[in-house]
Amino acid sequence: MIRLYNTMTRRKEDFVPRDAGCVSMYACGPTVYNYFHLGNARMLVVFDMVRRYFTWRGFTVAYVQNFTDVDDKIIARAREEGCTPEALAAKYIEAYFADAAALRIEKATAHPRATENIAAMQDIIRVLIEKGLAYPVDGDVYYAVERFPAYGKLSGRDAEAMLAGARVEPNPRKRNPMDFALWKEAKAGEPSWPSPWGDGRPGWHIECSAMALKYLGPAFDIHGGGGDLIFPHHENEIAQTEGYLDGAVLARYWMHNAFITVNREKMSKSEGNFFLIRDILPKWSGDVVRFYLLGTHYRSPLDFDEEKLAAAARGLDRLKTAWRLAAEAFDRPGGGSDELRTAAAAARQRFGAAMDDDFNSAQAYAALFDLARDINTALAAEAAQPAALREAALTLRDLAAVLGLVITPELPGSRGAEAAATAAAEEKIATLMALIMDIRAAARAKKDWPTADLIRERLQAAGLVIEDTPQGARWYAAP
Ligand SMILES: [Zn+2]
């Protein structure tokens with residue numbers, strides 16, 4: 001049973017999906033007016049890891065991550081760069097996918113864009129006005145916070161703390177200073193859409209409500225985001241969606257990752273103390289950055305300094321070295337102890353227990369390092385049975401892959417390519433290999449040994465090794 005910490009109830013809970021065997025997840029994606037920084041990357045890598053783990057545990061995961069592609073910051077930045085807001089957003093969306101690929105963040109099931117979902121937002125706003133939960137004023141529409149008694153339930157803040165936290169500008173159009181904009185009247189030269197309340201554009205919060213509901217439906221499983229989104233963004237998403245829905249909740253579990261800090265200060269664009277992934281990647285590989293980000297439990301703050309990246313590089317290297325040395329010994333003559341089989345089973349068990357406990361990737365690392373150590377010890381003593389050695393090494397590789405960590409050499413043909421192209425090529429090869437393995441398994445099931453052997457031999461010649469193990473056939477790129 002997977003247990004996760006639910007921000008709404010402030011405790012760990014058993015994860016019970018809305019639909020058996022499926023996980024529906026939404027995470028607030030970037031506002032695309034800049035390249036993303038390490039603090040943004042933590043959130044992206046954490047939820048990518050959560051999604052991969054659910055998939056490994058046999059769930060079908062629907063993961064939606066939006067792009068906010070209309071916003072004050074985008075409009076301001078477009079003016080600075082001398083382009084349209086649309087062109088600016090398109091540029092940074094493309095940059096997002098390149099940087100995400102370098103960190104081995106898989107594409108979400110859907111990446112809806114705010115500007116493509118305006119009608120869904122207007123539907124919600126219309127119903128909120130009909131219900132008296134929102135009011136139009138001179139082309140703007142505001143949410144009437146006082147009309148939603150549960151306001152504050154996620155953040156646990158009272159009205160006074162929320163007022164202080166929202167840092168609201170005085171606005172004579174609002175009935176209550178806490179009210180927030182659902183629709184903003186068009187200003188000259190800004191993108192706008194026609195609406196029953198006049199030309200304008202949506203507020204940020206309504207974008208997520210509309211896209212989450214449209215793609216995942218009411219009471220979906222997990223809503224994620226950085227801890228700084230709890231208030232007011234997620235509180236407002238709840239007020240809008242649950243006000244609209246009549247009784248159903250927006251999401252059943254709320255997960256928030258902690259910040260990255262620099263000298264104990266939160267890393268953020270507004271503080272100016274941020275490191276763009278683009279600026280880090282020439283020095284440290286995406287794999288090292290990912291290894292660093294997952295080396296601390298996602299709810300603990302992570303302080304950044306260069307030495308931590310160096311330590312991550314050393315840690316990742318230890319796992320890679322164990323794989324490489326083991327793979328070189330796969331063809332040694334037989335005999336020896338099969339203790340590594342036990343070690344592999346223990347590692348799998350410990351890894352699962354750590355990840356089941358609120359995705360404790362830091363504890364999961366301990367299982368990987370212990371298995372790597374056992375492999376190295378057995379290799380040094382030349383004591384391991386080759387089949388047991390293979391079992392242990394493949395287990396190490398597969399468990400690391402659940403966290404999105406690649407410890408094997410890059411696949412043939414993908415080396416030296418751009419990071420994004422590499423990830424895309426690997427994804428294609430993995431898909432093809434899954435198909436080939438299925439075809440080979442079908443041939444074996446029919447006792448068509450010549451076909452099964454032909455597939456294995458031809459792939460071997462191409463540097464892709466198939467191993468038949470008691471758990472089924474597996475493949476890897478030869479070192
Ligand atoms: Zn959001």
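The following exchange looks at two sheets and one helix of this predicted model.

User: What makes β6 and β7 a pair of strands?

Analyst: Two strands count as paired if DSSP finds at least two bridges between them. Strand β6, residues 140-143, is joined to strand β7, residues 180-185, by three bridges, so the pair meets that cut-off of at least two. The two strands run antiparallel, and within β7 the bridge partner of Tyr143 is Phe180.

User: Why are β5 and β8 said to stand at the edges of their sheet?

Analyst: The open sheet has four strands in the order β5-β6-β7-β8, with antiparallel pairing. Both β5 (134-137) and β8 (200-202) have a single partner strand, so one side of each is left without a neighbour in the sheet. From one strand to the next, the twist averages 20°.

User: How is the sheet of β11, β12 and β13 arranged, and which strands stand at its edges?

Analyst: Its three strands form an open sheet in the order β12-β11-β13, and the pairing is mixed. Because β12 (265-266) and β13 (302-303) each have a single partner strand, these two stand at the edges.

User: How do you know that β11 and β13 pair, and in which sense?

Analyst: Strand β11, residues 260-262, shares two bridges with β13 in the parallel sense, so the requirement of at least two bridges is met. In β13, Leu302 is the bridge partner of Ile260.

User: Why does the span of helix α15 agree with its number of residues?

Analyst: At 1.5 Å a residue, the 13 residues of α15 (449-461) should span 18 Å, and its end C-alpha atoms are 18 Å apart, so the two values agree. The helix α15 is followed by Gly463, whose phi is positive, near 90°.

Terms used
Residues numbered from 1 in each chain as written. Predicted model: local features only at pLDDT ≥ 70, side-chain atom pairs only at ≥ 80, totals over all residues. Axes fitted to C-alpha atoms, helices over the stretch in contact; angles between N-to-C directions. Expected span 1.5 Å × (residues − 1).
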